[in-house]
Amino acid sequence: MDLHAMDRYIKSLIKEAGHRIRNSFLTDITIESKSNANDLVTNMDKEIEQFFIGRIRRDFPGHRIFGEEGFGDDIQSSEGVIWLLDPIDGTMNFVHQKRNFAISIGIYLDGVGKLGYIYDVVNDDLYHGVKDGGAYYNDEQMKPLLEMEITESIVAMNATWTIPNRYLDNDAIIQLIRDVRGTRSYGSAALELAYLASGRVDAYISMRLSPWDIAGGMVIAQEVGAVTTNFKGDPANLLKQDTFIAANPAIHSELLKKYIKFK
Ligand code: 2AM
Ligand code: CA
Ligand code: CA
Ligand code: CA
């Protein structure tokens, strides 16, 4: 795989998809619910996924595609080249705010992340990472994450995860909120990973994410030294839904040990 040629190809594809999404602001969009009333999907989520898949199948017939809206392949194993694709990450923000959503793409070869892209469509900001080649915010290389402590960290997490639930020790999560400098919730896992890579937040925690939510962001965040695992500390799952934590390397293990406890 020629990473440089792929990189140029993907960037132009993403920019074209971004144009299509921005143009959709001028027309009516159709909104439906998926797993529950607040789990939204629009015609644009589907159209943009189909746009990417049409191009990828035409230009890279040997590659497989794992996309949120289900127009790609049935992925049960990680061999070969797989595009993990989320056409709109942060659909609720897309519908309600027309901002704070992103296109997320990860290119994996035999389970190893090679290229990652997060495109903040409305701000025209592209974050990308190349395995062993660095992470970039537009044309600027991002710096390795600095040494720090939990008491001076900003942690991105959804307020939903503070509601008592079957899985986690709620007191420990509340203690985390007390101990950190601040919490944030942006509503797009991809953007939250881009912000982690750029040092705007120091950790991102979610009880339930899918492979396409995190695949692109993991390549980017790992290039600046971030650690990405599930709540057990195992490598994040790229074949099915799982818990997820990505953090500055100085605080990842303490976050897991002290604050994220299974019942
Ligand atoms: P989505 O917008 O592509 O669905 C919201 O906090 C974040 O969690 C978004 O990145 C959202 O991605 C993701 N997410 C993952 N599973 C979800 C679900 N079942 N319902 C809503 N958002 C989900
Ligand atoms: Ca969705
Ligand atoms: Ca998503
Ligand atoms: Ca999505």
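Helices here are DSSP runs of H or I with at least four residues, and strands are E runs of at least two, both numbered from the N terminus. On that count, the chain has seven helices and 14 strands. Keep in mind that this is a predicted model.

Let's start with the overall build. For 263 residues, a compact globule would have a radius of gyration near 18 Å, and because the chain comes out at 18 Å, the two agree. Along the principal axes, the C-alpha atoms fill a box of roughly 50 × 40 × 35 Å. Of the 263 residues, 41% count as buried. Take the contacts with a separation of 6 or more: 63% of them involve residues 24 or more positions apart.

Now split the chain up. The domain assignment gives domain 1, covering 3–141, and domain 2, covering 150–259. Their centres, taken over C-alpha atoms, are 21 Å apart. Where the two touch, 34 residues of domain 1 are in contact with 24 residues of domain 2. On the domain 1 side, the elements giving two or more residues are β3 (64–67), β4 (81–89), α3 (91–96), β5 (102–109), β6 (112–120), β7 (125–130) and β8 (134–137). Which of these gives the largest share? That would be β6, with six residues. By class, this side of domain 1 has 15 nonpolar, 14 polar and five charged residues.

The strands just named turn up again in a sheet. It is an open sheet of seven strands with mixed pairing, in the order β3-β4-β5-β6-β7-β8-β9. At its edges are β3 and β9 (140–141), each of which pairs on one side only. As a reminder, strands of a sheet pair through backbone hydrogen bonds, either parallel or antiparallel.

Walk along this sheet from β5. The pairing of β5 with β6 is antiparallel and takes in eight bridges, and here Leu 109 stands opposite Val 112 in β6. Next along, β6 and β7 also run antiparallel, joined by six bridges, with Leu 115 opposite Val 130 in β7. The hairpin of β6 and β7 has four residues between the strands, and in it Asp 124 takes a positive phi near 50°.

Is β7 mostly covered or mostly open? It is mostly covered, since five of its six residues are buried. On its other pairing, β7 runs antiparallel to β8, with four bridges joining them, and Gly 129 stands opposite Ala 135 in β8. The hairpin of β7 and β8 has three residues between the strands, and there Asp 132 is the residue with a positive phi, near 60°.Finally, turn to the ligand. Around ligand 1 there are 15 residues, and the closest are Asp 39, Asp 89, Gly 90, Thr 91 and Ala 189. Which domains does this shell draw on? At least three of its residues come from each of domain 1 (3–141) and domain 2 (150–259). Among the strands, β4 and β12 (203–209) each supply at least two residues of the shell. By class, the shell around ligand 1 divides into two nonpolar, seven polar and six charged residues. To tie this back to the earlier parts, β4 is a strand of the seven-stranded open sheet, and β4 also gives two or more residues to the side of domain 1 that touches domain 2.

Technical notes: Residues are numbered from 1 along each chain as its sequence is written. Chains are lettered from A and ligands numbered from 1 in the order in which they are written. This is a predicted model: local features need pLDDT of at least 70, side-chain atom pairs count only at pLDDT 80 or more; totals for chains, interfaces and linings use all residues. The radius of gyration is taken over C-alpha atoms; the globule rule is 2.2 Å times the number of residues to the power 0.38. A residue is buried if 20 or more other C-beta atoms lie within 10 Å of its own, exposed if 12 or fewer, and partly exposed in between; C-beta atoms are placed from the backbone. Two residues are in contact if their C-beta atoms, placed from the backbone, lie within 7 Å. Domain bounds come from an automatic or database domain assignment. Ala, Val, Leu, Ile, Met, Phe, Trp, Tyr, Cys and Pro count as nonpolar, Asp, Glu, Lys and Arg as charged, and the others, Gly among them, as polar. A residue is near a molecule or strand if its C-beta atom, placed from the backbone, lies within 6 Å of it. Two strands pair if DSSP finds at least two bridges between them.
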